[in-house]
Amino acid sequence: MENQRQGKVWLVGAGPSDPGLFTLKGKQVLEQAEVVVYDALVGQGILSMIPETARQINVGKRSSHHTMPQEQISKLLVQEALQGRKVVRLKGGDPFLFGRGGEEAEELVKHGIPFEIVPGITSAISVPAYQGIPVTHRDMCSSLHIITGHKRAGMDYDIDFDALVRTGGTLVFLMGVTALGDICRGLLEAGMDPQMPTALLIRGTTAHQRRITATVSTLEEEVKKQGAQTPAIIVVGKVCELAEEFSWYEKLPLGGVKVALTRPGEMAVRTAAKLRALGAEVMECPAIRTVKRENNVRLIRALENLGSYQWLVFTSPAGVRIFFEEMKAVRLDVRALGQIRIAVIGRGSARELEKRGLYPDLVPEIFDGAHLGEALAAAARPGDRILIPRAAAGGRELIQALAEIETDDIPLYDTVFAESSSADWKKELESGETDYVMFTSSSTVRGFAQAAAGADLTAVKAICIGAQTRQTADEFGMRTWMAEAADEDSLIQCLVKAHKEEQGS
């Protein structure tokens with residue numbers, strides 16, 4: 001974004017829901033937003049990308065339920081821009097495809113507000129693709145027609161059904177669930193073959209997507225039997241026959257699974273990417289965040305005397321990152337570490353260390369404080385001094401194992417509970433929307449419990465990284481599974497195994 005005093009508006013298409021389908025430019029713009037005005041159809045995964053510093057305004061519109069009328073939304077964009085702010089108008093799908101982006105652009109032009117359009121992937125193409133339906137196929141059709149299924153109250157459709165039927169192409173109706181019967185009757189009256197394949201695609205690109213297939217003459221009845229909800233799109237055409245043969249999303253190891261990832265945001269990116277590659281819908285909703293301790297006198301003194309230590313110990317990736325930030329603040333680089341040997345609690349801390357061109361001298365076989373302490377006590381020589389910069393609420397097991405060795409256990413950061421603005425956990429749990437919650441520490445369990453205050457936590461299926469984390473989850477009455485090893489890959493495999501068990505039960 002441009003660094004300018006004058007405000008500016010970006011009309012950004014968020015795509016259908018899956019954050020993997022959000023464009024690179026959209027993400028870049030969103031990360032620099034000061035105000036985000038968003039719709040109900042924007043996926044939770046994309047809402048989690050909104051910077052904490054940005055003010056969020058929900059103007060959600062869905063199936064005739066409006067938080068704010070369109071005219072007020074357009075005026076809101078102008079008002080915020082006139083205050084000199086960078087405003088992102090985040091809209092489901094594409095802003096110029098039945099997204100009323102044109103109306104908003106008109107208002108911006110009228111008031112001389114600079115703006116940009118960031119196209120998004122439309123649900124008209126992506127949702128059928130996630131259900132195994134190609135909207136065009138050389139052997140079946142040669143055109144695609146996207147029609148709004150929405151009509152203003154008290155008014156007739158201005159759709160030329162006769163012309164649509166004559167095209168012989170695939171028809172995709174957006175926002176047409178409430179008018180499904182009228183649409184099917186309009187097509188039949190225009191001469192469409194009653195046996196033409198059709199599909200209602202519900203909540204596309206999410207873990208709980210589903211489809212109802214029928215013919216144009218039976219779709220309305222079938223939807224009444226099975227029940228439908230929004231958002232959904234209607235697809236009419238021979239290509240619907242390919243859904244069963246081409247379906248792929250549900251066949252992924254975690255296809256159809258929605259997972260909440262509660263570890264801090266900066267650590268969640270890698271885990272979320274791996275889960276999404278396996279087909280899971282991931283909600284990145286950190287239950288905790290780390291806050292560096294400012295004016296840390298004890299740490300400064302330790303940095304000034306690094307040469308007096310023989311061991312440097314890290315118990316988390318955050319500890320590695322903050323420690324090296326503090327070294328840089330006092331103008332020290334890796335040369336200051338000299339002959340110090342480095343121990344880490346597990347692979348995550350080791351990876352963070354490797355980013356700085358360093359490799360640990362000691363990693364315990366079991367990744368927890370007790371085993372790290374035991375391994376370190378066995379490796380240390382008489383007279384060694386150990387520096388442990390870590391979380392203020394670090395476990396006692398590590399220090400207890402090092403009771404006979406001179407150790408400086410210095411609080412580096414505090415772990416505080418974080419409130420998520422992109423998830424109503426009580427509602428999520430009561431509706432059964434979230435299938436599993438992944439916990440990487442006891443703190444994340446407690447933070448989640450606080451964020452879900454008032455909810456029945458016995459409904460939570462908890463995937464836990466270690467024994468202490470599992471014990472805390474058990475105390476809240478959650479149903480728990482524990483990874484074989486305290487690392488990211490084992491945690492993910494634990495989830496895959498739990499899901500297979502549940503499917504088999």
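Is E352 buried or exposed? I started my notebook with that one, and E352 turned out to be buried, with a relative accessible area of 13%. Note to self: this is a predicted model.

**Entry 1: E352 and its partner**

I looked up what the side chain of E352 meets, and found a salt bridge with K355, 3.3 Å from N to O. K355 sits on the other side of the scale: it is exposed, with a relative accessible area of 64%. The cut-offs I needed here are under 20% for buried and over 50% for exposed.

**Entry 2: more salt bridges**

I searched the whole structure and got 34 salt bridges. I picked out a few to follow up.

E116 and K25 join their side chains in a salt bridge, 3.3 Å from N to O. E116 lies in strand β7 (residues 115–118) and K25 in helix α1 (residues 24–31), so this pair ties together parts that are 91 residues apart in sequence. I checked how open each one is: E116 is partly exposed at 23% relative accessible area, and K25 is also partly exposed, at 40%.

Then I tried E104, which forms a salt bridge with K91, and the closest N and O atoms are 3.1 Å apart. This pair links distant parts of the chain, with E104 in helix α4 (residues 101–110) and K91 in strand β6 (residues 86–91), 13 residues apart. Both E104 and K91 are buried.

I also ran into a network: R270, K274, R351, E488 and D489 are linked by salt bridges.

**Entry 3: the sheet**

Both β7 and β6 had come up, and I wanted to see where they belong. They are part of an open sheet of 5 strands, ordered β3-β2-β6-β1-β7, with parallel pairing. At the edges I found β3 (55–58) and β7, and each of them pairs on one side only. Neighbouring strands in this sheet are turned by 15 degrees against each other on average, ignoring direction.

I zoomed in on one pair. Strand β2 (residues 35–38) and β3 pair in the parallel sense over 4 bridges. V37 has I57 of β3 as its bridge partner.

Next I asked which helices lie across these strands. Helix α1, where I had found K25, lies across β1 (8–13), β2, β6 and β7, and runs at about 140 degrees to β7. Helix α4, where E104 sits, lies across β1, β6 and β7, and runs at about 170 degrees to β1.

**Entry 4: two helices crossing**

How do α7 and α8 cross? The axes of helix α7 (residues 180–189) and helix α8 (residues 219–226) come within 9 Å and cross at roughly 160 degrees. That makes α7 roughly antiparallel to α8, because angles over 145 degrees count that way. The crossing is right-handed. On the α7 side, the contact is made by L180, G181, C184 and R185, and on the α8 side by L219, E220 and V223.

**Entry 5: a look at T444**

My last stop was T444, which lies in helix α17 (residues 442–451). T444 counts as buried, at 0% relative accessibility. What does T444 touch, leaving aside its neighbours within four places in sequence? I noted T262, R263, A287, I288 and F439. I also looked up T472, 28 residues from T444 along the chain, and the C-alpha atoms of the two are separated by 9.7 Å.

Notes: Residues numbered from 1 in each chain as written. Predicted model: local features only at pLDDT ≥ 70, side-chain atom pairs only at ≥ 80, totals over all residues. Heavy atoms only, no water. Salt bridge = Lys/Arg side-chain N within 4 Å of Asp/Glu carboxyl O. Buried < 20%, exposed > 50% of the residue type's maximum accessible area, 1.4 Å probe, protein only. Pairing = 2+ DSSP bridges. Axes fitted to C-alpha atoms, helices over the stretch in contact; angles between N-to-C directions. Contact = heavy atoms within 4.5 Å. Parallel < 35°, antiparallel > 145°, perpendicular 65-115°, else oblique. Left-handed = near helix turned anticlockwise from the far one by under 90°.
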